[in-house]
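Let's take a walk through this structure together. Keep the model open as you read, and pause wherever you would like to look for yourself.

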Amino acid sequence: MRILVVSPIDSSAIRALEQEHDVVCAFNAPEEELKKRIIDRDVVVFRSGVDLATKVLDCGPELKLMVRAGCGVDNLDLEYVRARQIEFTRIPEPAAQAVAEMAVAMMLALGRNLREADRLWRQGRWAKYEIEGYLLRGKTLGIVGAGNIGTRVGELGAALGMTPVGCVKTVTPAVAARLAEKGIRLASFDEVVSPADFLCIHVPLNSSTRNLIDAGVLARVKPGAYLINLARGGVVNEAALHQQLLPGGRLRGAALDVHEREGEGKISPLAELPNVLLTPHIGAMTVDTQREIGQRVLEIIRSFAGRGNGTRPAIPNGNLRANGSAHRESQGSSKPLEKGARAKMTPKTSQLKALLHSGKLEFLLEAHNGLSARIVEEAGFKGIWASGLTISASLGVRDNNEASWTQVLEVVEFMSDASNIPILLDGDTGYGNFNNVRRLIRKLEQRGVAGVCIEDKLFPKTNSFINGEQQPLAKIEEFVGKIKAAKDSQEDPDFCVVARIEALIAGWGMEEALKRAHAYFHAGADALLVHSKISQPTEILGFMERWGNTCPVVIVPTMYYRTPVEQFADAGISVAVWANHLMRGSVRTMQTIAKEVYQAQSVLPVEETIVPVKEIFRLQRADELRAAELIYLPNGNGSQPANGNGHIGPARATPLSKAKPYRESRA
Ligand code: SPV
Ligand code: MG
């Protein structure tokens, strides 16, 4: 791939990129130079501090991917990027910890007046009794913008004994729950600004936050408060801030890492004040953070190239994924098809992909054999969840890979043949390592299965609801290998690989879940399935809050089934899976019927409550066979006597004129 790196990122990441791709670096380049450099580039990697104006991007007709090596996007026109269908990825997580730690460093430095103490010491002054210092413990920590970073600041503040109170732009139950879980009280903007001893700003810069902290707001802060801005210059009005930092002003001190005017040689009047700490936008600039971001940039570009977007390395078996290869046609319809009718059906893979990307909440219902698959379709569902739990249960074995993968394949093939809607197979761990996954994908495609969900547990697996917290998880790198192997093996570009994250089930926490989410997404997963076993949707909504719409998310609300589905839709979830309900319903019915018949020694009490035999025939498409016999058997009707071969006895073909001579000849 041809890559343009316009901001400095970790040097070892650049070296690694150079070994795999054609890389041009143009740090701090003026607009005219950027316009020239971008001409033949597929990828741009950038950070804050560079203006990627539309007129620059216009000069890059080949541009397919933009990677923001960090978080803020105030230097990019996202609408333009979307309109040009350029894939865009941010890497927000690593910086959050660094910026949050810096906020704490600034609070400590301000509270203890470290800057002034240091300055006086260098002048030979021993200001032990002049330097006034305050504890953080017991102070109110106001967080304007309790998002990813702000929440982390609140957590750290709470650990130091502060009382965090935060506000957000849009309050949802999920936000409230997430903040409450972290010990941060949710309040209005004014309720955050007025009581804060330390007021930390963590909002992005956009039209609604430009000049947010203006003279009016600063006139309402608590006398003696400190202000810390680690968000963006332009959010705090520096002239108004200057006023309040002068003797007699309301603020005791301020720390700014971001400034209205940034860059070499740009000094603001705030630099003249002794109670102000000024740093050059270094919030995310820890060696550890930059290394992690650099690594992520590498992974993102590798994954993008691996998805067929550029020159890609040959994979061991030479099985390069074909783009635009022929779809396997649906095998599902059981009516004699008119010539070409199958070819007109949207392939099941494309149907599933469309469901994942429909932009609204969609539903899959569980099925475990051909009959239940057909029932799901008839009910109106647009897709089927081939559940590992219920397929194994229907076979009378446990959800511990006791049924072999080829036995599951047989079942799912029956399901596929019996239905015209896409099936997402619950493929457990992929039944082995990456190599088993590769073979599985090929076999599933051959059998008309639209997608597979693989989970980051170890083979043989155990159902997540049985001691989920004690189950080991696969190493991230190992599972990433499986996802890549799956994506590289598929022939049909629309076949979907869903990566299932078990970190919340296993009690490994949200950070681990998000880390895995990023890794799996960048490995090429088409969607993530995030699983939770608690009875409230808190974990899932908390995940969505952080994950946003980076890629489609699938959930299985078996345990939090009481949640109104509108909440899932509002959170941006793509697909909810009702994972076991037909099985549970039929078990209940079978148990009741078996008991009643046994006790009555008769079927009389149940006959009226169960479907007639002819409903079974209908579900089996007996009429299709009847019609086919008329077409394909010699003389248009059965060479077999009625019921003689185990078929439904042909109701002789009265509509067909051919039928009569045959009867006559037999007579
Ligand atoms: C299944 O249906 O088999 C699943 C979902 O994997 S769960 O049982 O919730 O783990
Ligand atoms: Mg399962």
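Let's begin at V287, which is exposed because its relative accessibility of 55% is over the 50% cut-off. Please bear in mind throughout that you are looking at a predicted model. V287 belongs to helix α12, which covers residues 287-309. If you look across from V287, you will find A98: the two are 189 residues apart in sequence, yet their C-alpha atoms are 9.9 Å apart in space.

V73 makes a similar stop on the tour. You can find V73 in the loop that runs between β4 (65-68) and α4 (78-83). Is V73 buried, exposed or partly exposed? With a relative accessible area of 23%, V73 is partly exposed, because that value falls between the 20% that bounds buried residues and the 50% above which a residue counts as exposed. Its partner for a distance check is N206, 133 residues away along the chain, with 9.3 Å between the C-alpha atoms of V73 and N206.

Now step back a little along the chain to K64, in the loop between α3 (54-57) and β4. K64 has a relative accessible area of 29% and is therefore partly exposed. Which side chain does K64 meet in a polar contact? The answer is D42, and the contact between the two side chains is 2.7 Å. You can also trace from K64 to F88, which is 24 residues apart from K64 along the chain, with a C-alpha separation of 8.5 Å.

Next come some places where the backbone deserves your attention. N28 sits in the loop between β2 (22-25) and α2 (31-37). Its phi angle is near 55 degrees, a positive value in a residue that is not glycine. N28 is exposed, because its relative accessibility is 73% and the cut-off is over 50%.

Q85 can be viewed alongside N28. Q85 is in the loop between α4 and β5 (87-90), and phi of Q85 is near 55 degrees, again positive in a residue other than glycine. At 72% relative accessibility, Q85 counts as exposed.

For another backbone feature, move on to P460. This proline lies in the loop between β16 (451-455) and α19 (476-489). The peptide bond leading from F459 into P460 is cis, with omega near -5 degrees.

Finally, let's visit the ligand. Which residues surround ligand 1? They are W385, S387, G388, L389, D426, N463, S464, F465, R500, H531, V556 and A579. By character, this shell divides into five nonpolar, five polar and two charged residues.

Some of these residues come within polar-contact range of oxygen atoms on the ligand, and it is worth picking them out one by one. A polar side-chain atom of R500 lies 2.6 Å from an oxygen atom of ligand 1. L389 takes part through its backbone, with an N or O atom 2.8 Å from a ligand oxygen. W385 offers a polar side-chain atom at 3.0 Å from an oxygen of ligand 1. Of the 280 Å² of accessible area that ligand 1 has on its own, the protein covers 100%. To round off the visit, note that the space taken by ligand 1 is the largest cavity.

Methods. Residues numbered from 1 in each chain as written. Chains lettered and ligands numbered in written order. Predicted model: local features only at pLDDT ≥ 70, side-chain atom pairs only at ≥ 80, totals over all residues. Heavy atoms only, no water. Near = heavy atom within 4 Å. Polar contact = N/O pair within 3.5 Å; in protein donor to acceptor, adjacent residues only side chain to side chain. Areas by Shrake-Rupley, 256 points an atom, 1.4 Å probe, with all protein chains shown as cover. 1 Å grid on protein atoms, 1.4 Å probe; cavity = no way out; pocket = protein on both sides within 12 Å on 5 of 7 lines; lining within 4 Å. Sits in = over half its atoms within 2 Å of the grid points. Nonpolar A, V, L, I, M, F, W, Y, C, P; charged D, E, K, R; others polar. Helix = DSSP H or I, 4+ residues; strand = E, 2+ residues; numbered from the N terminus. Buried < 20%, exposed > 50% of the residue type's maximum accessible area, 1.4 Å probe, protein only.
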